[in-house]
Structures are given as structure tokens and as C-alpha cells.
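This report describes the pockets, nonpolar cores and charged pairs of one protein model. The reader is invited to keep the structure in view throughout.

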Amino acid sequence: MSAFTGFVVIGGLVGAGYLVARLRLVDDSGALVLNRVAFFVAVPALLFTVVSRAEVSVMFSWFVVVAGLAALVTAGLFVAASRLWFRVSLADTTMGAACAAYVNSNNIGLPVATYIVGDAQYVVPQILVQVLVFSPVVLGVLDLSTRGRVQVRDVLLQPVRNPVVAATALGAVVAVTGWSVPDIVVAPLDVLGGAAVPLVLMAFGMSLRGQRPLAPGSPRRAVLVATGLKVGAMPAVAWLLAVALRLPAHLLFAVVVSAALPTAQNMNSYAARYGRAQVLARDSVALSTVAAVPVILVLTVLLR
């Protein structure tokens, strides 16, 4: 029942954002404002506090290898599908691959890890792989696509300029070195980080007003492929890799359930931030969030 509680909380926050937009409590720029506050302030604070407190043995276990390889394989499947069935721009292909492989390790992953897997720190390796490896690539392509040119300097400076990547990297350094961050520093970060999930989910809910998934004119094929890969192919790939590497039962269970998490709301924030593939990101997040609930519950029964 606790797992359902996590999903109910998530749905409540998305619904609250939808009502705010529906009742016109803010103007049409409200969702963009919330996304920017979350992207530049709240999410970096949350990632720093979560990563800095994680156990190093969990951060750099075989979990990281399986999670990373499963994401790479799944993203590659989307790229292959896009070449065979539909042709989209580089930015849209990148966002579609990210929607197929980038899991919601914060907003949904934390409650799922807590209530189903039994330990919240299992989402930390997923966060590290995604934020330190995949985010720079995704954000770099989106950033460069808005500039219209590619320079080596821009690629090298992208991780430094991006607050999400920088905060996670700093958190990893703190965890590895064992440095104790003073309370006077970490206390306000805890408060700011606590606002990250509500901000992101409410902004996502606000973006749903007047919209419906798979509407005429939307990139339906890309959305359906990304959603199917996210909730179907990625956990299957993770299971195959975990079995091949002979992971202990508790790690196998954790990595497969983590792979079945829906597309991260961060994709909606990233798309809104750069004005690229916003419908693809929004629809993939919405559909995969709904589809992930029965998938995770079935995996729990089969693998528990």
C-alpha cells in the first residue's frame, strides 16, 4: 500500500498544478517560471544533498554498470527506430532517446526505492549515471541546437555551466572524500531541495492544461516508441544484464525496478528550458508515468 501512497502524492502534485493553470491563478508563463526556478535552484540543491549523503559502496557498485548499460542500449534502440520509422531533427532524436532511457529517479524513484525496494540510496547510482554522464550530452545537444553552431569550448564548458550537473558532481566529491558539510550550509539546501519535487511536478501539471497526449499533429510514433522502450524494453535489458553479471538478488531487484521507472519530469523541464521537443517530452512523461505503475507492481510480485 505504501507504494500506492507515493504514486498518489505524485498525482496530487501534478493535479494541483493543473488546477492552478485551469483556474488561471497565474498567467501562461507560470509553468515556465516554475521550471526555471526548479532547474536553476531547487533541483541542484536536492541533488547535492542526496548524493553527498550516499554510501560510496552503493554509488560505485555493479548497479551503476547495469543501469548505465541498460540506458545506453535503450537510447540506442530509440535512435535506430527513429531512423527506420520516422525522421526527426537532432534535438528531437536526442530528447526522444532521453525520454526512453532517462528514469524519474527523484520524484518517483525516491518513494519507489523507499517503499518497494526498501532503501532510498539505491536511486543515487541512477542519479549519478544520468546526471554526470547522460545529462551533459542531452543538455549539450539542446544547448548547441539553440545556438546554431558547435564549438569545442561550448561542449567542454557545458557541465560547468549547468547547475544540475555541477551540483551532482560536487555532491559526489563530498561523498567520496567523506567531508562533513557544515549545518549552516546544508540546512538551507535541504529546504530548497524540498521544494524541487513540488515545483517540477506542479509545472508539469500546469503544462497539461489544454493539452492531451497523442493529439493530432503531435509526434505520435516517437512518443509511443519512447514510452514502450522506457517501461518495457529498459527493465528487460536491465534484467538480462543483471542475470549475466550474476548480481545478488537484492541488487537485481533494485536495478530492474529502477529501470522500470517512468521518464523523468526533468525531460519536460529541459525541453521547456531550450524550447525543443516539448510535446514529445510532455507526452512521453505523461504516458510512461501511467504505464509504469502496473509494470512496477508486476515486477515486484515476480522478482520480490
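## Lining of the largest pocket

The model is a predicted one. The lining of its largest pocket comprises, by class, seven nonpolar, seven polar and five charged residues. In total 19 residues line this pocket, and those that lie nearest its centre are Asp28, Ala31, Leu32, Met206 and Ser207. Four elements give two or more residues each to the lining, namely α2 (30–52), α11 (196–207), α14 (266–274) and α15 (278–303). Among the elements, α2 gives the most, with four residues. The space within the largest pocket amounts to about 370 Å³.

## The second largest pocket

The second largest pocket has a volume of about 230 Å³. Its lining is made up of 13 nonpolar and two polar residues, with no charged residues. The two linings may thus be set side by side: five charged residues occur in that of the largest pocket, whereas no charged residues occur in that of the second largest.

Of the 15 residues that line the second largest pocket, Ala75, Ala97, Ala98, Val137 and Val138 lie nearest its centre. Helices α4 (62–85), α5 (90–101) and α7 (123–147) each supply at least two residues of this lining. The largest share comes from α5, which gives six residues.

## Nonpolar cores

The largest nonpolar core contains 91 residues, and Met59, Phe78, Met95, Met267 and Tyr270 touch the most other members. Helix α12 (residues 220–244) gives the most to this core, contributing 11 residues.

Met95 illustrates how distant parts of the sequence meet. When residues up to four places away in sequence are not counted, Met95 touches Leu142, Met267, Tyr270, Ala271, Ala277, Leu280 and Ala281. Two of these partners, Met267 and Tyr270, are themselves named among the core residues that touch the most other members. A second, separate core consists of five residues, including Ala167, Val174, Val181 and Val186.

## Salt bridges

The count of salt bridges comes to two. In one of them, Arg53 pairs with Asp190, and the closest N and O atoms are 2.9 Å apart. Arg53 is located in the loop between α2 and α3 (56–59) and Asp190 in helix α10 (residues 183–194), so this salt bridge ties together parts that are 137 residues apart in sequence. Arg53 is exposed because its relative accessible area, 52%, is over the 50% limit. Asp190, at 32% relative accessibility, counts as partly exposed.

The other salt bridge joins Arg282 and Asp283, with the closest N and O atoms 3.2 Å apart. Both Arg282 and Asp283 are buried, whereas Arg53 is exposed.

## Surroundings of Asn268

Which residues are in contact with Asn268, leaving aside its neighbours within four places in sequence? They are Asn35, Phe204, Ser207, Ala281 and Arg282. Asn268 has its place in helix α14. Its relative accessibility is 7%, and because this is under 20%, Asn268 counts as buried.

Several of these partners recur elsewhere in the model. Ser207 is one of the residues that lie nearest the centre of the largest pocket. Ala281 is also touched by Met95, and Arg282 forms the salt bridge with Asp283. Helix α14, which holds Asn268, is among the elements that give two or more residues to the lining of the largest pocket.

Methods:
Residues numbered from 1 in each chain as written. Predicted model: local features only at pLDDT ≥ 70, side-chain atom pairs only at ≥ 80, totals over all residues. Heavy atoms only, no water. 1 Å grid on protein atoms, 1.4 Å probe; cavity = no way out; pocket = protein on both sides within 12 Å on 5 of 7 lines; lining within 4 Å. Points joined across faces, edges and corners; volume = space filled by probe spheres on them. Nonpolar A, V, L, I, M, F, W, Y, C, P; charged D, E, K, R; others polar. Core = buried A, V, L, I, M, F, W, Y, C linked by side-chain atoms within 4.5 Å. Buried < 20%, exposed > 50% of the residue type's maximum accessible area, 1.4 Å probe, protein only. Contact = heavy atoms within 4.5 Å. Salt bridge = Lys/Arg side-chain N within 4 Å of Asp/Glu carboxyl O.
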